[in-house]
Amino acid sequence: MAGTCDGMADGPMEEEIRVGRRCFVSNLAWRTSWQDLKDKFRDCGNVVYTNVMRDENGRSKGWGIVEFETSDEAVNAMNTMNGVEIDGRPIIVREDREDREIKEFGDPPRRVGGRGRGARGGRGGDLGGEPAPPGTQVVVHGLPWSYTGAQLLDIFQGCGEIVKGDVVYGRDGRSRGYGVIQFATPDQANIAIQQYNGIDLEGRTLSVKLDSFA
């Protein structure tokens with residue numbers, strides 16, 4: 001699918017949408033580099049920073065960041081580059097929800113559930129809503145204690161469409177060191193397991209397995 005960023009998107013943005021200058025880009029091909037992102041997004045505006053996140057072995061995590069000089073340029077990129085193919089994969093472009101310029105206004109509306117209060121404790125984790133279809137939900141053990149639901153989901157964005165997910169908290173409000181993620185399909189859940197089970201994350205080894213209690 002071809003894409004171009006010539007000119008800004010027509011029509012006003014909805015009033016409740018506030019964005020900073022950074023875009024979160026996921027579903028990247030493993031060979032896509034920061035230079036590829038810069039080359040693809042430069043027609044949207046002045047790109048001041050790009051990065052593709054990698055693990056300690058240098059393997060791409062399938063997502064990255066593109067920062068522009070202005071928020072208008074970031075909006076333009078989200079409106080025109082979302083779904084465009086890079087290295088054979090349609091990328092997903094949205095606002096970077098960790099951008100401090102967004103946080104000043106509080107959390108914007110979420111497409112993905114479970115980033116707020118956290119899942120309740122249990123063997124698997126109760127995300128609320130309808131039960132997950134068999135084979136679509138994974139449990140991620142070994143998370144750094146400081147990790148939030150947003151950080152957990154950002155790690156796994158490149159594996160497929162996330163329906164919902166969060167870190168599991170105890171009654172004392174503290175993280176229990178693991179989280180739960182539901183994907184749209186069993187294949188996507190298996191990709192998450194294959195790519196992230198056993199990797200090191202800030203000194204802790206992740207264990208990613210199907211949630212047998214879902």
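## Close-up views of a predicted model

**Figure 1. T136 and its surroundings.** Leaving out residues up to four places away in sequence, T136 touches I181, Q182, F183, A184, T185, P186 and A189. Keep in mind that this is a predicted model. Where along the chain does T136 lie? You'll find T136 in the loop between β7 (119–120) and β8. Is T136 buried or exposed? Its relative accessibility is 1%, and buried means under 20%, so T136 counts as buried. The side chain of T136 also reaches the backbone oxygen of P133, at 2.7 Å.

**Figure 2. The whole protein, before we zoom in again.** How many helices and strands does the protein have? There are five helices and 13 strands. Of the 214 residues in the protein, 45% are buried. Now think about contacts between residues at least 6 apart in sequence: 67% of these join residues at least 24 apart. The protein exposes about 11200 Å², and carbon and sulfur atoms supply 45% of that.

**Figure 3. The largest nonpolar core.** This core has 21 residues. Which residues have the most contacts inside it? They are V138, V140, F156, I181, F183 and V208. Several elements chip in: β8 (137–141), α4 (149–156), β9 (162–169), β10 (175–183) and α5 (186–196) each supply at least two residues of this core. There is also a second, separate core, which has 19 residues, including C23, V25, C44 and V93.

**Figure 4. I181 and V140, two members of that core.** Start with I181: setting aside its neighbours within four places in sequence, I181 is in contact with T136, Q137, V138, V140, L152, L153, F156, I162, K164 and G165. Now shift to V140, which sits in strand β8. V140 has a relative accessible area of 0%, so it is buried. Not counting residues up to four places away in sequence, V140 touches L152, F156, G177, Y178, G179, I181, L206, S207 and V208. How far apart are the C-alpha atoms of V140 and L210? They are separated by 8.9 Å, although the two residues are 70 residues apart along the chain.

**Figure 5. Helix α4 and its link to R94.** Is α4 mostly covered or mostly open? Seven of its eight residues are buried, so you can call α4 mostly covered. The buried ones are G149, A150, L152, L153, D154, I155 and F156. One of them, D154, makes a polar contact of 3.0 Å with R94, side chain to side chain. R94 has its place in strand β6 (residues 92–95). With a relative accessibility of 12%, R94 counts as buried too.

**Figure 6. Strand β3 and its partners.** Why can we say that strand β3 (residues 60–68) is largely enclosed by the rest of the structure? Because nine of its nine residues are buried. Strand β1 (residues 22–26) pairs with β3 in the antiparallel sense, over five bridges. Here R22 stands opposite E67 in β3. Strand β2 (residues 47–54) also runs antiparallel to β3, and six bridges join the two. Look for N51, whose bridge partner in β3 is I65. The hairpin of β2 and β3 has five residues between the strands, and G58 in this hairpin takes a positive phi near 85 degrees.

**Figure 7. Aromatic pairs.** How many aromatic pairs does the structure hold? It holds three. In one of them, the rings of F41 and F68 have their centres 6.4 Å apart and their planes at 55 degrees, so the pair is tilted. F41 lies in helix α1 (residues 34–41) and F68 in strand β3, so this pair ties together parts that are 27 residues apart in sequence. Both F41 and F68 are buried. F156 and Y196 form another tilted aromatic pair, with 4.8 Å from centre to centre and 50 degrees between the planes. This pair links distant parts of the chain: F156 is in helix α4 and Y196 is in helix α5, 40 residues apart. F156 counts as buried, at 0% relative accessibility, and Y196 is buried with a relative accessible area of 3%.

Definitions and conventions: Residues numbered from 1 in each chain as written. Predicted model: local features only at pLDDT ≥ 70, side-chain atom pairs only at ≥ 80, totals over all residues. Heavy atoms only, no water. Core = buried A, V, L, I, M, F, W, Y, C linked by side-chain atoms within 4.5 Å. Buried < 20%, exposed > 50% of the residue type's maximum accessible area, 1.4 Å probe, protein only. Helix = DSSP H or I, 4+ residues; strand = E, 2+ residues; numbered from the N terminus. Contact = heavy atoms within 4.5 Å. Polar contact = N/O pair within 3.5 Å; in protein donor to acceptor, adjacent residues only side chain to side chain. Pairing = 2+ DSSP bridges. Areas by Shrake-Rupley, 256 points an atom, 1.4 Å probe, with all protein chains shown as cover. Phe/Tyr/Trp six-rings, centres within 6.5 Å; stacked < 30°, edge-to-face > 60°.
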